[in-house]
Amino acid sequence: MIPWEFLESAPVPGTGSELCLYRRGEEFSIRVGNRELMNSRAHASEEALAELVCARVAGRPRPRMLIGGLGMGFTLAAALRRLGRDGSIVVAELVPAVVAWNRGPLALLAGHPLLDARVTVREVDVALILRVERQAFDAILLDVDNGPEGLARKENDWLYARPGLEAAHAALRPAGVLGVWSSGPHPVFVQRLRRAGFTVDEIRAPAHDSRKGRRHTIWLAGRAS
Ligand SMILES: C[S@@+](CC[C@H](N)C(=O)[O-])C[C@H]1O[C@@H](n2cnc3c(N)ncnc32)[C@H](O)[C@@H]1O
């Protein structure tokens, strides 16, 4: 067994913690402390998030999308594969080093999605965008943490609480879709989405391409037309 090799660390803004990047052969891992935030071998549900949302907004002229959390770029790459040539994606990433890693050692994993001309990267908290934008996006994809029970950063609770969900609702165009990734189900969060004005579908998505083993939860929250 090849041992894990530590590559780099970077502070997570607004917390005392650090994101650490590790490699073991061709496998990469991003961790907060001892907890793995993302592993390059399990990305099926991150891609499913983009595929399910893109299916909902397919056919719209010049679709505009916001993705919160770059991670290893799998959600972004999957969205780019399904978005038309006239579409565009804003990616908000809180930790600038993650963007640098995606231009460096992680770039190959998802096929260099940051080189795509349809992508604009903003090194900010996605909450900053949600607080100011109005009817700006056809779709918003949130994968910034473990889900509504976030572990990485206390401030991210706002995104999953009523004010954050109402801000996301306001930032969506009519009939827009908010897609949210989570490590597991959360009935209270589903109620919260409904109270913020969304219709909600819950999908259990396999973590691995093999479709065996763990499943994650994806919510598709629709804004009325
Ligand atoms: C689990 S990873 C995302 C995985 C990604 N879906 C993929 O396909 O690789 C979470 C990412 O969200 C970032 N993040 C955490 N909080 C954030 C926030 N408030 N705004 C923007 N990015 C955030 C983390 O730094 C990390 O890069």
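**Exercise 1. Identify the salt bridge that Arg 81 forms with Glu 47, and place both residues in the chain.**

Solution.
Step 1. This is a predicted model. Take the side chains of Arg 81 and Glu 47: N to O, they are 3.8 Å apart.
Step 2. Apply the cut-off: a side-chain nitrogen of Lys or Arg must lie within 4 Å of a carboxyl oxygen of Asp or Glu. The Arg 81 and Glu 47 pair is a salt bridge.
Step 3. Locate the partners. Arg 81 is in helix 2, and Glu 47 is in helix 1 (residues 44-57). They are 34 residues apart, so the pair links distant parts of the chain.
Step 4. Set the pair in context. The whole structure holds eleven salt bridges.

**Exercise 2. Find the polar contacts of the ligand with Gly 71, Met 72 and Asp 125.**

Solution.
Step 1. Start with the backbone. A polar backbone atom of Gly 71 is 3.1 Å from a ligand oxygen. For Met 72, a backbone N or O atom lies 2.7 Å from an oxygen of the ligand.
Step 2. Turn to side chains. An N or O atom in the Asp 125 side chain is 2.9 Å from a ligand nitrogen.
Step 3. Check burial. Alone, the ligand exposes 610 Å², and the protein buries 97% of that.

**Exercise 3. Describe the site and the shell around the ligand.**

Solution.
Step 1. Site: the ligand sits in the largest pocket.
Step 2. Elements: strand 4 (35-39) and helix 2 (74-82) each give two or more residues to the shell.
Step 3. Classes: 13 residues are nonpolar, five polar and five charged.
Step 4. Nearest of the 23 residues: Met 72, Thr 75, Glu 93, Asp 143 and Asn 156.

Key:
Residues numbered from 1 in each chain as written. Predicted model: local features only at pLDDT ≥ 70, side-chain atom pairs only at ≥ 80, totals over all residues. Heavy atoms only, no water. Near = heavy atom within 4 Å. Polar contact = N/O pair within 3.5 Å; in protein donor to acceptor, adjacent residues only side chain to side chain. Areas by Shrake-Rupley, 256 points an atom, 1.4 Å probe, with all protein chains shown as cover. 1 Å grid on protein atoms, 1.4 Å probe; cavity = no way out; pocket = protein on both sides within 12 Å on 5 of 7 lines; lining within 4 Å. Sits in = over half its atoms within 2 Å of the grid points. Helix = DSSP H or I, 4+ residues; strand = E, 2+ residues; numbered from the N terminus. Nonpolar A, V, L, I, M, F, W, Y, C, P; charged D, E, K, R; others polar.
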